[in-house]
Amino acid sequence: MSQSHSLSLTQTRYTISEVEARTGLSQHTLRWYERIGLMPHVDRSHSGQRRFTDKDLDWLGFVGKLRATGMSVADMVRYAELVREGEHTVEERRELLERTRCEVRARIGELTDALAVLDYKIDMYAMRTVSGKGQQ
């Protein structure tokens, strides 16, 4: 194997410590993701160390977005299983993501309402402070 080829392999493979530093996910979390089936099979070095790829990092970024939506771990694992099963699961994956999108939109509406209440109260307190009246 030429040196340039070996360098390109090195540049596209990451240890679990490097993935932890890049993603902010703990090594414990990364191992757990793999154990529960949320991560696809992670390659191992000849000594048994996990070697993550750019594709794995992209997947972890997507999983992070799913987590941010509030999607349950069970649904995330189900989605990962569907991806591994192949193209014939596209419709089921789309439905799962559409359901999650609907839930996110509902939460955004609730948060928008809560924000409006906070803004109202903050404005009320600001007016009282300017006019010298006490605060509640």
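Here are a few exercises with worked solutions on side-chain pairs and one helix in this predicted model.

**Exercise 1. Find what the salt bridge between Arg50 and Glu34 connects, and decide whether its two partners are buried or exposed.**

Let's start with the count: the whole structure contains 9 salt bridges. In one of them, the side chains of Arg50 and Glu34 come together with an N to O distance of 2.5 Å. Next, place the partners: Arg50 belongs to strand S2 (residues 50-51) and Glu34 to helix H3 (residues 27-36), so this bridge ties together parts that are 16 residues apart in sequence. For the last step, recall that buried means under 20% relative accessible area. Arg50 has 18% and counts as buried; Glu34, with 16%, counts as buried too.

**Exercise 2. Work out which helices are joined by the salt bridge of Arg78 and Glu92, and which network these residues belong to.**

First, the geometry: the closest N and O atoms of Arg78 and Glu92 are 3.0 Å apart. Second, the location: Arg78 sits in helix H5 (residues 73-85) and Glu92 in helix H6 (residues 90-131), so the contact ties together parts 14 residues apart in sequence. Third, the surroundings: Arg78 is partly exposed at 28% relative accessible area, and Glu92 is partly exposed at 37%. Finally, widen the view: salt bridges link Arg78, Glu81, Glu85 and Glu92 in a network.

**Exercise 3. Explain how Glu98 and Arg94 are placed along helix H6.**

Begin with a reminder: an α-helix has 3.6 residues a turn, so residues three or four places apart point the same way. Now apply the spacing: Glu98 and Arg94 are 4 residues apart in helix H6, which means about one helical turn separates them. Then check the pair itself: Glu98 and Arg94 form a salt bridge whose closest N and O atoms are 2.5 Å apart. As for exposure, Glu98 is partly exposed at 33%, and Arg94 is partly exposed at 36%.

**Exercise 4. Describe the aromatic pairs Trp32–Tyr33 and Phe62–Tyr79.**

Two quantities are needed: the distance of the centres and the angle of the planes. The structure has 4 aromatic pairs. Among them, Trp32 and Tyr33 form a tilted pair, 5.9 Å centre to centre with 45° between the planes. Trp32 is partly exposed at 32%, whereas Tyr33 is buried at 4%.

Now take Phe62 and Tyr79: this pair is tilted as well, with centres 5.6 Å apart and 45° between the planes. Phe62 is in helix H4 (residues 54-69) and Tyr79 in helix H5, so the rings tie together parts 17 residues apart in sequence. Phe62 is partly exposed at 30%, while Tyr79 is buried at 10%. To finish, add Trp59: ring pairs link Trp59, Phe62 and Tyr79 into a cluster.

**Exercise 5. Check the span of helix H4, then find what its buried residues pack against.**

Start with the length: at 1.5 Å a residue, the 16 residues of H4 should span 22 Å. The end C-alpha atoms of H4 are 23 Å apart, which agrees. Next, list the buried residues of H4: Asp56, Leu57, Trp59, Leu60, Val63 and Leu66. These buried residues pack against helix H2 (16-23), H3, S2, H5 and H6. Last, look just past the end of H4, where Gly70 adopts a positive phi of about 90°.

Note on methods:
Residues numbered from 1 in each chain as written. Predicted model: local features only at pLDDT ≥ 70, side-chain atom pairs only at ≥ 80, totals over all residues. Heavy atoms only, no water. Salt bridge = Lys/Arg side-chain N within 4 Å of Asp/Glu carboxyl O. Helix = DSSP H or I, 4+ residues; strand = E, 2+ residues; numbered from the N terminus. Buried < 20%, exposed > 50% of the residue type's maximum accessible area, 1.4 Å probe, protein only. Phe/Tyr/Trp six-rings, centres within 6.5 Å; stacked < 30°, edge-to-face > 60°. Expected span 1.5 Å × (residues − 1). Contact = heavy atoms within 4.5 Å.
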